[in-house]
Every structure is written in structure tokens, then in C-alpha cells.
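User: I am new to this structure and would like a close look at a single part, the nonpolar interior, with enough of the surroundings to place it. Please take me through it step by step.

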Amino acid sequence: MGLNGKDMTSFMSDFVHECGGYAVIDGGFATELERHGADLNDPLWSAKCLLVSPHLVRRVHLDYLDAGANILITGSYQATIQGFEAKGLAREEAETLIRRSVELAREARDIYYDRCTKDSSDFVRDGRYWRRPILIAASVGSYGAYLSDGSEYTGDYGDAVTVETLKDLQRRRVKLLVDAGADIIAFETIPNKLDAQAYVELLGEEGIDIPAWLSFSCRDEGKVCSGESILECASIAESCKQVAAVGVNCTAPRFIHGLVSSISKVTSKPVLVYPNSGETYNAVTKKWSKTSGEVEEDFVSYVGKWREAGASIFGGCCRTTPNTIKGIIKALSGKAPGDNDNLKFQETAHKF
């Protein structure tokens with residue numbers, strides 16, 4: 001159902017309130033697919049599974065719901081019409097797969113709610129299932145993600161790429177995700193101002209009638225991956241009424257506190273954070289490795305400080321797992337999913 005501008009502005013604030021003061025995003029997607037046996041050594045990366053193993057996509061979504069997540073991010077991060085066509089698919093097939101990414105997440109939510117309704121004894125026994133607000137966030141990876149060359153971690157697209165280039169790449173894709181029934185659009189791993197400006201303009205030009213969030217990838221406590229100021233980038237997000245939250249993802253945990261503090265200075269919107277594990281991605285080998293010379297603590301131990309700095313939506317990105325999400329919930333609530341005295345079965349209707 002479409003929302004007007006006012007509703008979009010308060011959408012995530014209302015959702016966070018409904019969740020009890022904070023909301024939890026799921027964790028790493030591609031690495032969980034690999035753990036279940038998927039081979040992602042492909043330019044399509046995780047989007048490959050939409051084509052060859054959609055059952056694994058649904059399973060990973062369910063694993064995160066079982067862990068306690070309030071927000072499922074769809075498997076469409078690297079799913080573009082152009083990318084599928086480069087693999088030999090017809091445009092119609094490509095569009096079907098992009099819509100399917102949302103449908104699989106919606107199916108997982110329906111299955112989870114069905115378990116809550118039909119087998120409430122599971123709740124009594126181990127607290128595993130409880131009805132709660134759950135959003136489907138349709139992932140839109142940056143232009144760098146489409147290139148599959150790691151440039152979402154540099155923001156360097158070359159002089160030939162303009163705002164119009166970026167809008168043309170994403171325009172049809174975004175409309176497909178909206179039409180498939182997503183609750184919110186997640187523009188994520190944004191490495192520069194150019195992408196952010198393109199998204200803000202695209203939302204207005206296409207009359208997108210669901211809200212969006214903008215989430216930046218950053219190289220330190222004050223700059224996005226391109227070297228541009230996080231303050232300037234967050235201000236672009238703040239200027240758009242359709243943007244309902246702004247934050248940071250796929251960024252080392254040690255930088256998050258400073259980034260949240262900065263973002264909170266320029267936005268009244270909810271701030272979201274879903275860092276990676278602190279490891280470094282090699283775009284050539286397409287593998288993650290420990291960051292040289294630095295030891296990253298378990299980022300779950302930082303969550304309380306991020307909340308104090310102004311964040312209200314928390315999750316994990318690359319190399320995090322359902323256990324990470326359980327840890328985040330425990331850090332925020334003092335209890336983990338599965339603790340019988342923690343979770344109250346919510347009879348309230350799903351409002352989002």
C-alpha cells in the first residue's frame with residue numbers, strides 16, 4: 001500500500017516504536033548462502049541463487065527470522081537487469097528474478113508467522129517463535145556492486161559516470177522491487193555522494209510510493225569510501241522526505257560510533273547501523289581476510305555505545321551470522337531469543 005510523504009517521513013520511527021524502541025536487521029547474506037552450500041564465484045554473486053537455488057535464499061531468510069530479526073533484506077543487492085542479461089537471460093527473465101527476490105522474503109515471513117500461529121507450543125517450549133513486526137527491505141546495491149569489481153568500497157566510478165547514468169541503471173529495478181511488495185527500499189553500501197544524489201532524485205522522479213533508507217559504506221569515522229564527508233552524504237538523505245532512515249553498513253565496527261555521532265548531528269531520521277565483521281574484502285580474489293595490523297573485537301560488544309550515540313536500528317553485514325543477530329538482541333535487551341522469560345507472544349496484528 002502506498003504512503004504519502006508525511007507517512008514516509010515517520011515510517012521507520014513508527015516501526016522502531018512498534019518494535020519496542022529498537023529494531024534489528026538481519027546479518028550477512030552471501031556468506032550464509034555459502035555455508036548452506038551455494039557457490040557464489042560469479043559476477044552475480046548472491047543474486048545467482050535467485051536463479052539456481054531460491055530455496056536457499058528462503059532458508060537464510062528464515063534462519064534470520066528464527067534468530068529474532070525484525071527486518072529482512074532481500075537477495076537483490078547484485079540483481080540488476082543488465083547483470084542478468086550479461087549472463088544470457090532475456091529481459092523478462094531478469095525482471096522476474098528481481099521480483100522473486102522480494103517474493104522469497106515475503107514467503108519466509110509468511111512461513112514464520114504461520115509457525116507462530118499454528119504451533120504456539122514452540123513458544124512455550126523454547127521461545128523460538130514469537131509474532132513481531134517484520135519488514136521486507138528490498139536491497140539496491142550501488143553502481144559499484146553492479147560492476148562487481150569492488151568499487152562499492154572505493155566509490156571511484158570514473159569521470160564518465162554521472163547522476164543520470166546511475167538513475168538509468170536503477171530506475172526499472174527499483175520499480176520492480178516496489179511492485180513486488182517490498183515494505184521499504186534499502187539503498188545500501190553507498191560509497192559516494194553521486195550515488196546518494198541519484199537515489200534521492202530517482203525517488204522523486206518515479207513517484208515511488210514506499211519509503212527508503214540510505215546506508216553508506218565508510219573508510220573511517222568521518223568519510224565514506226570515496227573520501228567525501230559523511231556529514232555531506234547524510235545531509236543529502238536528510239533532505240529527502242521519502243528517505244525514512246539513514247546510516248552505515250559494510251563498514252568496520254571500530255568506525256561506527258564516530259559515524260553515528262556525526263550522522264545524528266545532521267538528521268532527525270532514525271539512524272541504522274549494520275557493520276561487517278571488520279575484515280577486508282579483496283575484489284580480485286573475492287575473499288575476505290583479517291585486517292592487517294588491527295584486531296577487531298566482537299562488534300556485538302559495541303552495540304550499547306552505538307545506541308547511546310543515537311542509533312536505533314542494528315544488524316550485521318558481510319561475514320556476520322544469525323548468531324551475531326542473537327548477540328545483538330541480547331546486548332540490547334539483556335536476553336537472547338530462546339530465553340523463555342524474555343519474549344512475550346505479541347497478539348497485535350502486523351501493521352507494517
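Analyst: In this predicted model, the largest nonpolar core has 90 residues, and those with the most contacts inside it are Phe84, Phe187 and Phe216. The element that gives the most to this core is helix α6, residues 91-118, which supplies 10 residues. Apart from this core lies another, of 22 residues, with Leu135, Ala186, Trp213 and Cys317 among them.

Phe187, one of the residues with the most contacts inside the largest core, is a useful place to look more closely. When its neighbours within four places in sequence are left aside, Phe187 is in contact with Val140, Val174, Tyr199 and Leu203, and also with Ala212, Trp213, Leu214 and Ser215. One of these partners, Trp213, is listed among the residues of the 22-residue core.

Two of the partners of Phe187, Tyr199 and Leu203, carry numbers that fall within helix α10, residues 193-205, and the packing of that helix can be described as well. Helix α10 packs with helix α11, residues 230-238, at an angle of about 5°, and their axes are 9 Å apart. Since angles under 35 degrees count as roughly parallel, α10 and α11 are therefore roughly parallel to each other. On the α10 side the contact is made by Lys193, Ala196, Gln197 and Val200, while α11 contributes Glu232, Cys233 and Ile236. By character, the residues of this contact divide into four nonpolar, one polar and two charged.

Cys317, named above in the 22-residue core, leads to another buried place, around Gly27, with which Cys317 is in contact. Gly27 sits in the loop between β1 (23-24) and α2 (30-35), and with a relative accessible area of 8%, Gly27 is buried, because buried means under 20%. Leaving aside neighbours within four places in sequence, the contacts of Gly27 include, besides Cys317, the residues Tyr64, Gly316, Thr320 and Ile325. Gly27 and Tyr64 are 37 residues apart along the chain, yet their C-alpha atoms are separated by 7.3 Å.

As for the setting of these parts, the chain has 14 helices and 10 strands, and 57% of its 352 residues count as buried. Among contacts between residues at least 6 apart in sequence, 78% join residues at least 24 apart. The chain exposes about 14,200 Å², of which carbon and sulfur atoms supply 47%.

Methods. Residues are numbered from 1 along each chain as its sequence is written. This is a predicted model: local features need pLDDT of at least 70, side-chain atom pairs count only at pLDDT 80 or more; totals for chains, interfaces and linings use all residues. Side-chain values use heavy atoms; hydrogens and water are left out. Axes are lines fitted to C-alpha atoms, for helices over the stretch in contact, and angles run from 0 to 180 degrees between N-to-C directions. Helices (H or I, at least four residues) and strands (E, at least two) are DSSP runs, numbered from the N terminus. Angles under 35 degrees count as roughly parallel, over 145 as roughly antiparallel, 65 to 115 as roughly perpendicular and the rest as oblique. Contact means heavy atoms within 4.5 Å. Ala, Val, Leu, Ile, Met, Phe, Trp, Tyr, Cys and Pro count as nonpolar, Asp, Glu, Lys and Arg as charged, and the others, Gly among them, as polar. A nonpolar core is a set of buried Ala, Val, Leu, Ile, Met, Phe, Trp, Tyr and Cys residues joined through side-chain atoms within 4.5 Å. Buried means under 20% relative accessible area, exposed over 50%, partly exposed in between (1.4 Å probe, protein chains only). Accessible areas come from the Shrake-Rupley method with a 1.4 Å probe; for residues, only the protein chains shown count as cover.
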